Amino acid sequence: MKNERELDKVLRASLDLGYKIPDIAKGSIQDKRPFDIFGVFDHKPWYVEGKFLKEPSAFNFSHFEDHQDEWLMKFHRELPDAVCVLLIGVVFGRGDIRVFALDIEEAHRRKAEGLSIYKKEFETRPYVRLTKGKVDYHVVLELLGKE
């Protein structure tokens, strides 16, 4: 896996039904897209923003755009049974791609407080490993405390 686009393909394909919101061309006058993916898994709506790191390093929440945070929080408030999540894929080595899950409340809080996720936290934080090009969303729900 080389970039966020490839991660988003995996995240979408791992849902029971998923749609990747197309990226907007640079210089376009359209509004910014609210987040990367929406879909259904296990009969629940999912709203997902994916981020990607080529190696274990700090993740600064400035990369989680204000409009992405705002839209995911809106969906979270309006649809409390929906899963609104920031998923960060990190390449730890060849064939070792880990996905870290932050529910939107944690992501929102960390962004507001300017709290990055440092490499050391990625090394100790629970994750789901990409296996056969899929993310096990049951494990993501466990990580979020929702299963």
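**Start of α3.** I looked up the N-terminal end of α3 in this predicted model and found that Asp103 caps it, with a side-chain oxygen 3.0 Å from the backbone nitrogen of Glu105. At the other side of the helix, I noted that Gly114, just after α3, takes a positive phi of about 70°.

**Buried face of α3.** I then listed the buried residues of α3, which spans residues 104-113, and obtained Ile104, Glu106, Ala107, Arg110 and Lys111. Looking down the helix axis, I see these buried residues fall within an arc of 160°, so they line one face of α3. Which elements do the buried residues of α3 pack against? I find α2 (66-78), β4 (83-93), β5 (96-103) and α4 (119-124) as their packing partners.

**Nonpolar cores.** I turned next to the largest nonpolar core, which has 23 residues, and recorded Leu11, Trp46, Val85, Leu87, Val135, Tyr137 and Val140 as those with the most contacts inside it. I traced its suppliers and found that α1 (4-13), β2 (37-41), β3 (44-53), β4, β5 and α5 (137-143) each contribute at least two residues to this core, while β4 gives the most, with 4 residues. I also found another core lying apart from this one, made of 20 residues that include Leu53, Cys84, Phe100 and Ile117.

**Tyr137.** I went back to one of the residues with the most contacts inside the largest core, Tyr137, and asked what it touches when neighbours within four places in sequence are left aside. For Tyr137 I recorded contacts with Leu11, Ser14, Leu15, Phe41, Trp46 and Leu87.

Methods: Residues are numbered from 1 along each chain as its sequence is written. This is a predicted model: local features need pLDDT of at least 70, side-chain atom pairs count only at pLDDT 80 or more; totals for chains, interfaces and linings use all residues. Side-chain values use heavy atoms; hydrogens and water are left out. Buried means under 20% relative accessible area, exposed over 50%, partly exposed in between (1.4 Å probe, protein chains only). The arc is that of the directions from the helix axis to the C-beta atoms. Contact means heavy atoms within 4.5 Å. A polar contact is a pair of N or O atoms within 3.5 Å; within protein, one must be able to donate a hydrogen and the other to accept it, and residues adjacent in sequence count only if both atoms are side-chain atoms. A nonpolar core is a set of buried Ala, Val, Leu, Ile, Met, Phe, Trp, Tyr and Cys residues joined through side-chain atoms within 4.5 Å.
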